[in-house]
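Me: I would like to go through the reasoning behind some of the labels given to side chains here. Could we take them one at a time?

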Amino acid sequence: MTAASLELSLGPVSFYWTRERYFAFYERACHWPLSAVTLGETVCSRRRDMKLADWLEIGHQLAAAGKQVMLGSQTLIESNADLRDLAKLCDNGDFLIEANDMGAVHRLSEAGLPFVGGAALNLYNVPSLRVLKDCGMFRFVAPVEMPGKDLARLLADTRGAGLALDCEVLAYGHLPLAWSSRCFTARHHQHPKDRCQFVCQNYPEGLPLTTQDDSRRLFTLNGIQTLSGACQDLRHELGDMADMGVAMARLSPRTEGMAEVVADFDQARQGRCPAPSPLTLVDAELCNGYWHGKAGMDLAVLED
């Protein structure tokens with residue numbers, strides 16, 4: 001089964017990288033078979049290496065390479081300074097926004113600007129989709145824990161209700177599970193959040209949190225964000241996604257092996273699924289449980 005109609009997108013970098021690493025990464029991404037790229041710091045406002053002007057510069061490079069560029073808003077707004085940054089982001093004048101909280105939805109709606117609804121908005125039903133479409137949403141990212149069967153039903157109901165909305169699914173990467181006002185990475189180093197010394201930058205793939213009994217990687221700590229320990233891999237499900245009407249498969253950036261990940265998914269769209277290599281998987285196990293209605297950390301065995 002092929003999924004040639006399904007486009008590939010690159011989600012925002014979840015982790016805290018150096019400015020040099022961001023620029024080098026996206027310079028390479030210009031040459032990857034991607035239709036869309038979402039940029040920006042969506043996790044923590046204390047990560048200040050990249051300014052809005054830097055994201056805009058990268059965005060213009062990607063746009064010149066033929067990519068649709070979005071700027072992702074911060075998921076957890078905690079201060080007036082965060083609100084001011086959100087206003088600047090929404091008013092950037094160059095690129096559309098992926099709204100990751102309702103504050104961004106409100107501002108964009110008031111300004112009459114179209115936007116993508118991020119997975120953190122938790123859109124599970126047609127009435128919610130209708131409300132946000134009326135606000136200007138033209139595409140939404142499905143909640144990461146939504147099973148494929150439920151998403152297929154939702155998309156069918158959405159079409160039946162006459163709502164023209166594209167859907168994007170996180171097909172590769174650590175699953176974003178929760179956000180907190182506390183910084184778990186700083187706490188691990190016994191630093192207060194407001195004097196964290198930016199220790200997140202020491203973990204460009206996040207800080208593994210393992211179980212005590214069997215040392216299995218259960219979660220990945222990323223500052224105030226908690227991610228799955230395993231890495232979602234839905235390459236084998238791309239055909240089903242295309243059949244149910246999903247428009248884009250989102251890939252979450254990693255520091256190493258991302259070109260190979262994109263190439264693997266590009267081949268999977270054409271019905272070829274090469275065996276994963278150690279480089280593409282880094283040190284993370286795979287999972288696809290949520291998509292198959294199981295525990296998210298599970299890896300469902302697919303029948304030929």
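Reply: What follows is a set of questions and answers on a predicted model.

Me: What makes E78 and K193 a salt bridge?

Reply: The closest N and O atoms of E78 and K193 are 2.9 Å apart, and a salt bridge requires a side-chain nitrogen of Lys or Arg within 4 Å of a carboxyl oxygen of Asp or Glu, so the pair meets the definition. E78 lies in the loop between β3 and α3 and K193 in the loop between α7 and β8, so the pair ties together parts that are 115 residues apart in sequence.

Me: Why is E78 called partly exposed?

Reply: Its relative accessible area is 38%, and because partly exposed covers the range between under 20%, which is buried, and over 50%, which is exposed, E78 falls in between. K193, with 26%, is partly exposed as well.

Me: How do you know that R235 and D264 form a salt bridge?

Reply: Their closest N and O atoms are 3.8 Å apart, which is within the 4 Å cut-off, so the pair counts as a salt bridge. The pair links distant parts of the chain, with R235 in the loop between β10 and α8 and D264 in helix α9.

Me: Why are R269 and D266 called buried?

Reply: R269 has 14% relative accessibility and D266 has 18%; buried means under 20%, so both residues qualify. Their side chains meet in a salt bridge at 2.4 Å, N to O, and both lie in helix α9, three residues apart, about one turn of the helix.

Terms used. Residues numbered from 1 in each chain as written. Predicted model: local features only at pLDDT ≥ 70, side-chain atom pairs only at ≥ 80, totals over all residues. Heavy atoms only, no water. Helix = DSSP H or I, 4+ residues; strand = E, 2+ residues; numbered from the N terminus. Buried < 20%, exposed > 50% of the residue type's maximum accessible area, 1.4 Å probe, protein only.
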